Amino acid sequence: MKLQAQTLVSAKWLANMVDRNLVGPGLRILDTSWYLPMMNRDAKKEFAETHIPGASFFDIDACSDRTSKFDHTLPNEQFFADYVGNLGIGNDSHVVVYDASDFGAFSCTRVWWMFRLFGHTQVSVLNGGFRDWVKRGHPTTATYSRPEAARFTATMERSWVKSFEDMTKNINRQQFQVVDVRPRERFLGWKPEPREDVKSGHIPGSKCMPFCEFLDKDGMMLSPEKLKEFFEQSQIDLHKPLCGSCGSGVTACHMVLAAHLCGAPWATVYDGSWYEWFTKAPPEHVVTEVKPEI
């Protein structure tokens, strides 16, 4: 019987796998780095310069529905299957995802969620990411050898994805809780969004849980006990349906990961997130709050 992959793996564990030359068809490592334009970082260029030995690059923008006007909208099952298959990932592969952000985790949770969404549960997040890997003195390389393609079959769990229509209906029906993980000042409408054509604010009835607050000062995920405290302080009931939202559906997956670690694996994601909401919603459904004078 195959053991279920741990949700989080440590740099020590992964370094041991690398040292034993176990990276291959049975274990694939993905650098899933992705950055907002305002961060002034080139994820592909950085990967070419340095990454974990044996890792391949997963491009969130490339593995998306390119016909959508919204950023990195989920692709269909066959596209995802072909994309990850070309990275040497089969249905029996254990996949470990990480990113090189200063946070310790930024975009990797999106790819973790995508694998699970498309039916692949053998996927783990490198706790602390590349930041922790380097801090602990583990090896890096600029060498990349493209893996031999593998066959991957995807089956999408569509109930895990919320649409604009779902979110609109939920304003009155309140069938699920909406957790927005953007920084509080963007959620409140006090600071601008990264996209010039989008104003800040939030969906009526949503609660704010900034994604960086799921991590400690070293970029590691908080313990389940501390995560549960954070959900409780944010007035989110882990026993009831949840939906994560953010700017464009990437960091929303931090909430899904956190809920999963707390024993609530049913959290969903609003794929279009705030970018789509602001574009489509009527003005009365774009909520902002008055900033208090100091």
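Let's start at the end of helix α4. The residue to look at there is G119, which follows α4 and has a positive phi, near 90 degrees. Keep in mind that this is a predicted model.

Now the helix itself. α4 covers residues 108-117. How many of the residues of α4 are buried? The count is 10 of the 10, so the helix is largely enclosed by the rest of the structure. Buried here means under 20% relative accessible area. The list takes in C108, T109, R110, V111 and W112. It goes on with W113, M114, F115, R116 and L117. Note that R110 and R116 are on that list of buried residues.

What does α4 lie across? The strands are β2, β4 and β5. Against β5, α4 runs at about 175 degrees.

Those strands belong to an open sheet. The sheet has 5 strands, in the order β1-β5-β4-β2-β3, and the pairing is parallel. Which strands are at the edges? They are β1, residues 8-9, and β3, residues 55-57, and each pairs on one side only. In general, strands of a sheet pair through backbone hydrogen bonds, either parallel or antiparallel.

Take the β3 edge. Strand β2, residues 27-31, is joined to β3 by 3 bridges, and the two run parallel. One residue pair to find on screen: L30 has S56 in β3 as its bridge partner.

A second helix also lies across strands of this sheet. Helix α1, residues 11-19, lies across β1, β2, β4 and β5. In residue numbers, β4 is 94-98 and β5 is 123-126. The angle between α1 and β2 is about 120 degrees.

Back to α4, this time for the cavity. A search of the whole structure finds 1 cavity of 30 Å³ or more. The volume of the largest cavity is about 40 Å³. Which residues line it? From the lower numbers, W112, W113, R116 and W160 are among them. V256, H260, P265 and A267 are in the lining too. Helix α4 gives the largest share of that lining, 3 residues. Both α4 and α9, residues 252-261, supply at least two residues each. By class, the cavity lining has 6 nonpolar, 1 polar and 1 charged residues.

On to the pockets. The largest pocket holds about 360 Å³ of space. It has 23 lining residues. Nearest its centre are L36, F106, P183, R186 and P194. The class count for this lining is 14 nonpolar, 3 polar and 6 charged.

The second largest pocket has a volume of about 240 Å³. Its lining has 16 residues, and Q174, F176, Q177, V178 and G205 are the closest to its centre. By class, the count is 7 nonpolar, 7 polar and 2 charged. Which element gives the largest share of this lining? That is α6, with 3 residues. Helix α6, residues 164-173, and strand β7, residues 177-180, each supply at least two lining residues.

β7 deserves a closer look. Both of its faces are covered. Q177 and V179 are buried on one side, and V178 and D180 are buried on the other. Q177 and V178 have already come up, as residues closest to the centre of the second largest pocket.

What does β7 pair with? One neighbour is strand β9, residues 242-245, joined to β7 by 4 bridges. The other to mention is strand β8, residues 207-208, joined to β7 by 2 bridges. β7 runs parallel to β9, and parallel to β8 as well. For landmarks, V178 has C243 in β9 as its bridge partner. V179 stands opposite K207 in β8.

Last stop, E77. This residue lies in helix α3, residues 77-85. Is E77 buried or partly exposed? Its relative accessibility is 25%, so E77 counts as partly exposed. The cut-off for buried is under 20%.

What does E77 touch beyond its neighbours within four places in sequence? The contacts are F118, A154, T155, M156 and R158. M156 is the one to pick out on screen. E77 and M156 are 79 residues apart along the chain, and their C-alpha atoms are separated by 6.3 Å.

Terms used: Residues numbered from 1 in each chain as written. Predicted model: local features only at pLDDT ≥ 70, side-chain atom pairs only at ≥ 80, totals over all residues. Heavy atoms only, no water. Buried < 20%, exposed > 50% of the residue type's maximum accessible area, 1.4 Å probe, protein only. 1 Å grid on protein atoms, 1.4 Å probe; cavity = no way out; pocket = protein on both sides within 12 Å on 5 of 7 lines; lining within 4 Å. Points joined across faces, edges and corners; volume = space filled by probe spheres on them. Nonpolar A, V, L, I, M, F, W, Y, C, P; charged D, E, K, R; others polar. Pairing = 2+ DSSP bridges. Contact = heavy atoms within 4.5 Å. Axes fitted to C-alpha atoms, helices over the stretch in contact; angles between N-to-C directions.
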